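Colleague: Could you take me through one part of this model slowly? I'd like a close look at the cysteines, and then a bit about what surrounds them in the rest of the chain.

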Amino acid sequence: MYVCNCNAIRERDARNAIDSGAATVKAVFDHCQTRPQCAKCVCDIREMIDNAQITLSMAAE
(Lines give C-alpha, C1' and ligand atoms only; values in the text may rest on other atoms or scores of the structure.)
Protein backbone atom coordinates (compact mmCIF):
# COMPACT_ATOMS: atom_id res chain seq x y z
CA MET A 1 0.00 0.00 0.00
CA TYR A 2 1.27 3.44 -0.87
CA VAL A 3 1.57 6.02 1.90
CA CYS A 4 2.72 8.73 -0.50
CA ASN A 5 1.38 8.51 -4.03
CA CYS A 6 3.37 11.48 -5.29
CA ASN A 7 6.71 9.88 -4.40
CA ALA A 8 5.67 6.21 -4.56
CA ILE A 9 6.59 5.66 -0.92
CA ARG A 10 5.08 2.42 0.25
CA GLU A 11 4.09 1.68 3.81
CA ARG A 12 7.01 -0.75 4.13
CA ASP A 13 9.43 1.98 2.95
CA ALA A 14 8.13 4.39 5.58
CA ARG A 15 8.31 1.68 8.26
CA ASN A 16 11.86 0.88 7.23
CA ALA A 17 12.78 4.56 7.58
CA ILE A 18 11.13 4.75 11.00
CA ASP A 19 12.81 1.53 12.13
CA SER A 20 16.11 3.04 11.00
CA GLY A 21 15.57 6.01 13.32
CA ALA A 22 13.48 8.51 11.37
CA ALA A 23 11.56 10.41 14.05
CA THR A 24 10.09 13.13 11.86
CA VAL A 25 8.19 13.23 8.60
CA LYS A 26 11.12 15.09 7.02
CA ALA A 27 13.47 12.31 8.13
CA VAL A 28 11.23 9.72 6.44
CA PHE A 29 11.33 11.70 3.20
CA ASP A 30 15.09 12.14 3.52
CA HIS A 31 15.53 8.41 4.08
CA CYS A 32 13.49 7.73 0.93
CA GLN A 33 15.46 10.42 -0.92
CA THR A 34 12.33 12.38 -1.79
CA ARG A 35 10.55 15.60 -0.82
CA PRO A 36 6.89 16.16 0.03
CA GLN A 37 4.82 17.19 -2.97
CA CYS A 38 1.14 17.66 -2.09
CA ALA A 39 1.59 16.79 1.63
CA LYS A 40 -1.56 14.63 1.82
CA CYS A 41 0.57 11.84 3.29
CA VAL A 42 2.11 13.88 6.11
CA CYS A 43 -0.61 13.01 8.64
CA ASP A 44 -0.38 9.30 7.83
CA ILE A 45 3.40 9.26 8.15
CA ARG A 46 3.20 11.25 11.40
CA GLU A 47 0.72 8.68 12.75
CA MET A 48 3.09 5.84 11.79
CA ILE A 49 5.93 7.58 13.65
CA ASP A 50 3.76 8.18 16.72
CA ASN A 51 2.58 4.56 16.78
CA ALA A 52 6.15 3.30 16.51
CA GLN A 53 7.23 5.52 19.40
CA ILE A 54 4.32 4.31 21.55
CA THR A 55 5.19 0.71 20.77
CA LEU A 56 8.83 1.33 21.72
CA SER A 57 7.90 2.98 25.00
CA MET A 58 5.55 0.13 25.88
CA ALA A 59 8.23 -2.44 25.09
CA ALA A 60 10.67 -0.60 27.34
CA GLU A 61 8.38 -0.94 30.35
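Modeller: Sure, and one word first: "buried" means under 20% relative accessible area, "exposed" means over 50%, and "partly exposed" is what lies in between. Keep in mind that this is a predicted model.

Let's begin with cysteine 4. Its relative accessibility is 3%, so cysteine 4 counts as buried. Now for the sulfurs. A search through the whole structure turns up zero disulfides. For cysteine 4, the nearest cysteine sulfur belongs to cysteine 41 and is 3.7 Å away. A disulfide here needs two cysteine sulfur atoms within 2.5 Å, so cysteine 4 is in no disulfide. Cysteine 38 tells a similar story: the nearest cysteine sulfur is that of cysteine 6, at 3.6 Å, and cysteine 38 is in no disulfide. As for accessibility, cysteine 38 comes in at 45%, so it counts as partly exposed.

Next, have a look at threonine 34. You'll find threonine 34 in the loop between helix H2 (25-31) and helix H3 (42-60). Threonine 34 has a relative accessible area of 18%, so it is buried. Leaving out residues up to four places away in sequence, threonine 34 touches Asn7, Ile9 and Phe29.

Now for the helices and their charged side chains. The whole structure holds three salt bridges. In one of them, arginine 15 pairs with glutamate 11, with the closest N and O atoms 2.7 Å apart. Those two residues are four apart in helix H1, so about one helical turn separates them. Arginine 15 is partly exposed at 40%, and glutamate 11 is partly exposed at 27%.

Over in helix H2, lysine 26 and aspartate 30 also sit four residues apart, about one turn of the helix. Their side chains meet in a salt bridge, 2.8 Å from N to O. Lysine 26 is exposed, with 58% relative accessible area, whereas aspartate 30 is partly exposed, with 43%.

Helix H3 has aspartate 50 and arginine 46, again four residues apart and about one turn of the helix. They form a salt bridge whose closest N and O atoms are 2.8 Å apart. Aspartate 50 is partly exposed at 32%, and arginine 46 is partly exposed at 30%.

How values were computed
Residues numbered from 1 in each chain as written. Predicted model: local features only at pLDDT ≥ 70, side-chain atom pairs only at ≥ 80, totals over all residues. Heavy atoms only, no water. Buried < 20%, exposed > 50% of the residue type's maximum accessible area, 1.4 Å probe, protein only. Contact = heavy atoms within 4.5 Å. Salt bridge = Lys/Arg side-chain N within 4 Å of Asp/Glu carboxyl O.
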